[in-house]
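Work through the following exercises with the sequence and the coordinates side by side, and attempt each task before reading its solution.

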Amino acid sequence: MPICPVCEITYDSWDQVSDHMLKFVEKSEAKHVMWLNHNISIKSLNQKELSEKLEEFFSLNESLAMWIRRRFIERFYGTEPHPFMVAMQNPTKGVLLGYVLEHQHFLRNWVRILSTIIYRSEYDDVVRYELENMTTEFLGFEGKPSHYELLIRMGESLGLKRAEILSTPPLPATLSAIKTWKNIAETKGWVETMAAMHSLELVSDRSLIKDGATIPYFSPKILESNEYPDAVKNFLREGYEADLYHAGEALRLVEKYAKNPEIIQVIVLKSFDAFAKYLLSRLERGMMLDPLVKA
């Protein structure tokens, strides 16, 4: 069913959604205007033009998983990649420290949100997938340190003490993003929550390049460079190798159990909005530590 991506109200046609959104545009209502600017066009559109654009935007020509993948590429790796990804092509110490100090909060929230999926899903393949993800992200597996532990070690290798890393509170944008994801987990179904969270793992899925991403998450040259401590390379390599599977398998499960693709699409876009702000907070933190960091 056609749906307003802001209000989540369903309609019988995209013409009705277009009418609804244009009424808010006339009032300069911020949420609807911002959504259109981010996802459709910054240009003024008439009712018919907007209706056609909305239908095209939400059309599942291939699959829900591929739709999410393509929207992620457009948002973060399109003609104007997100500034954090640009900074990660040749990251300074400040960029990496900003990454460490904000991402610790993201990862701690990550496992808490995934636990709600386990609690609410009745499917064993979903529970097994989430348990494996939580283990690799937070506990470690078969003698290997967790992604969370590797992150802390990266910060230590760059000069921060562990206690300093763990005691640094999140910046407001990180906290706001975390609240968005908690709200999704508390008010939406487990499939929607799964889509909202695991679509974010596409960020380091290096196979996005073959689907049109203009740059990778970070330059692979970093993994072979002597300019960075081993702890930096160990942390980046873990995500580089794991998230190719993590995101792909999660989106396969979302596709398998999705009963309402339209609401999943809307929730995923809201998660992307939160993620974009959160990535900027990594740079903001980096700027607080290093004047050479730019946003």
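**Exercise 1. Determine how many helices and strands the protein chain holds, and how its extent relates to its length.**

Solution. Counting DSSP runs from the N terminus (H or I of at least four residues for a helix, E of at least two for a strand), one finds 13 helices and 0 strands in the protein chain. The radius of gyration, taken over C-alpha atoms and set against a globule rule of 2.2 Å times the number of residues to the power 0.38, is 20 Å, close to the 19 Å that the rule gives for 295 residues, so the chain is as compact as a globular protein of that length. Along the principal axes, the C-alpha trace spans about 55 × 45 × 35 Å.

The model is predicted, with local features requiring pLDDT of at least 70 and side-chain atom pairs pLDDT 80 or more, whereas totals for chains, interfaces and linings use all residues. Residues are numbered from 1 along each chain as its sequence is written, and side-chain values use heavy atoms, without hydrogens or water.

**Exercise 2. Find what share of the residues is buried, and what share of the contacts joins residues at least 24 apart.**

Solution. With buried meaning under 20% relative accessible area (1.4 Å probe, protein chains only), buried residues make up 54% of the 295 residues. Taking contact as heavy atoms within 4.5 Å, and considering contacts between residues at least 6 apart in sequence, 73% join residues at least 24 apart.

**Exercise 3. Describe the segment that UniProt lists as a domain.**

Solution. The unreviewed UniProt entry lists residues 1–59 as "domain: UCP032676 C2H2 type zinc-finger", an annotation that may be inferred rather than shown by experiment. Over residues 1–59 the chain is 59% helix and 0% strand, and the end C-alpha atoms lie 11 Å apart.

Technical notes
Buried < 20%, exposed > 50% of the residue type's maximum accessible area, 1.4 Å probe, protein only.
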